[in-house]
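Grab a pencil and work through these exercises one at a time. Each one sets a task and then walks through a solution.

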Amino acid sequence: MGDVEIRVPRAEELASVGELTVEAYRLDGLLSDEVGYENELRDVAHRAEHAELLVAVDGDAVLGTVAVVRPGTSYAEISREGELEFRMLAVAGSARGRGIGEALTRAVLERARELGLGKVVLSSLDRMRTAHRLYERIGFRRLPERDWKPFPNISLIAYEYDL
């Protein structure tokens, strides 16, 4: 992974983090006009106010990002007391294959340990097979009882990692 650093984004990086997130979701064919998700992905300033953001950077280049979410907050989807959740994991197209997604996921696990939490959970689109392989390789297990559908044509599957 070279000199990649995982840290909180700087204010001047927020716009580029939003564009990177939209680009990553677009590359994976995950954006659809009917749900208007693109605007939410792009609004990193709002996310930074309501979640902890992490970025992977190499020098001045932002390579990836993830939102770390606590239960009961506006970005929480499936987390419960004692759990940390993450969302919107995105890696720039030019940085794929470098272990950025894994590094960000492991940083979330470390953050949960720092907070003394027992579990990390997430929801993922059912068709995000590459992401599922990453999560399973790290040690996440399926949590089918928390699978859900935010919209009739969108199925999200849940994963958990016990710390």
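**Exercise 1. Find the turn between S2 and S3, and work out how S3 sits among its partners.**

Step 1. Keep in mind that you're looking at a predicted model. Start at the hairpin that S2 and S3 form, with two residues between them. Gly59 is in that turn, and its phi is positive, at about 65 degrees.

Step 2. Now follow the pairing. S2 (residues 52-58) runs antiparallel to S3, and seven bridges link them. To get your bearings, pick Val55: its bridge partner in S3 is Thr65.

Step 3. Next, look for another partner of S3. Strand S4 (residues 83-91) pairs with S3 over five bridges, again in the antiparallel sense. Here Val68 has Phe86 in S4 as its bridge partner.

Step 4. Is S3 enclosed or open? Check its residues: eight of the nine in S3 (residues 61-69) are buried, so the strand is largely enclosed by the rest of the structure.

**Exercise 2. Say what is unusual about the phi of Met88, and place this residue in the structure.**

Step 1. Begin with a rule of thumb: most residues other than glycine have a negative phi.

Step 2. Compare that with Met88, which isn't a glycine and yet has a positive phi of about 55 degrees.

Step 3. Place the residue. Met88 lies in strand S4.

Step 4. Buried or exposed? The relative accessible area of Met88 is 4%. The cut-off for buried is under 20%, so Met88 counts as buried.

**Exercise 3. Find out what surrounds Thr21.**

Step 1. Locate Thr21 in helix H1 (residues 14-27).

Step 2. Look at its accessibility: with a relative accessible area of 0%, Thr21 is buried.

Step 3. List its contacts, skipping neighbours within four places in sequence. You get Leu41, Arg47, Thr65, Met88 and Ala90. Two of these names have come up already: Thr65 is the bridge partner of Val55, and Met88 is the residue with the positive phi.

**Exercise 4. Describe how H4 and H5 pack against each other.**

Step 1. Two packed helices are described by the angle between their axes and the distance between the axes. So that's what to look up.

Step 2. The axes of H4 (residues 100-114) and H5 (residues 129-138) come within 11 Å, and they cross at roughly 50 degrees.

Step 3. Put a word to that angle: H4 and H5 are oblique to each other. Their crossing is right-handed.

Step 4. Name the residues that make the contact. H4 brings Gly101, Glu102, Thr105, Arg106 and Leu109, while H5 brings Leu134, Tyr135, Arg137 and Ile138.

Step 5. Sort them by type: four are nonpolar, two are polar and three are charged.

Step 6. Take a quick look at Gly99, in the loop between S4 and H4. Gly99 is partly exposed, with a relative accessible area of 34%. From Gly99 to Leu134 there are 35 residues in sequence and 9.7 Å in space, C-alpha to C-alpha.

**Exercise 5. Work out which strands pair with S8, and how.**

Step 1. Take S5 (residues 119-125). Seven bridges join S5 to S8, and the two run antiparallel. One of the matches is Ser124 with Ile157 in S8.

Step 2. Move on to S6 (residues 141-142), which pairs with S8 over two bridges in the antiparallel sense. Arg142 stands opposite Tyr159 in S8.

Step 3. Add S7 (residues 148-151), joined to S8 by two bridges and also antiparallel. Phe151 has Ile154 in S8 as its bridge partner. S7 and S8 form a hairpin, with two residues between them.

Step 4. Judge the strand by its residues: seven of the nine in S8 are buried, so S8 is largely enclosed by the rest of the structure.

**Exercise 6. Zoom in on Ala158 and find what it touches.**

Step 1. Ala158 is in S8 (residues 154-162).

Step 2. Ala158 is buried, with a relative accessible area of 0%.

Step 3. Leave out residues up to four places away in sequence, and Ala158 touches Ile78, Leu122, Ser123, Arg141, Arg142, Leu143, Arg146 and Asp147.

Step 4. Pick Ser123 from that list. Ala158 and Ser123 are 35 residues apart in sequence, but their C-alpha atoms are 4.4 Å apart in space.

How values were computed
Residues are numbered from 1 along each chain as its sequence is written. This is a predicted model: local features need pLDDT of at least 70, side-chain atom pairs count only at pLDDT 80 or more; totals for chains, interfaces and linings use all residues. Side-chain values use heavy atoms; hydrogens and water are left out. Helices (H or I, at least four residues) and strands (E, at least two) are DSSP runs, numbered from the N terminus. Buried means under 20% relative accessible area, exposed over 50%, partly exposed in between (1.4 Å probe, protein chains only). Contact means heavy atoms within 4.5 Å. Axes are lines fitted to C-alpha atoms, for helices over the stretch in contact, and angles run from 0 to 180 degrees between N-to-C directions. Angles under 35 degrees count as roughly parallel, over 145 as roughly antiparallel, 65 to 115 as roughly perpendicular and the rest as oblique. A crossing is left-handed if the near helix is turned anticlockwise from the far one by less than a right angle, and right-handed if clockwise. Ala, Val, Leu, Ile, Met, Phe, Trp, Tyr, Cys and Pro count as nonpolar, Asp, Glu, Lys and Arg as charged, and the others, Gly among them, as polar. Two strands pair if DSSP finds at least two bridges between them.
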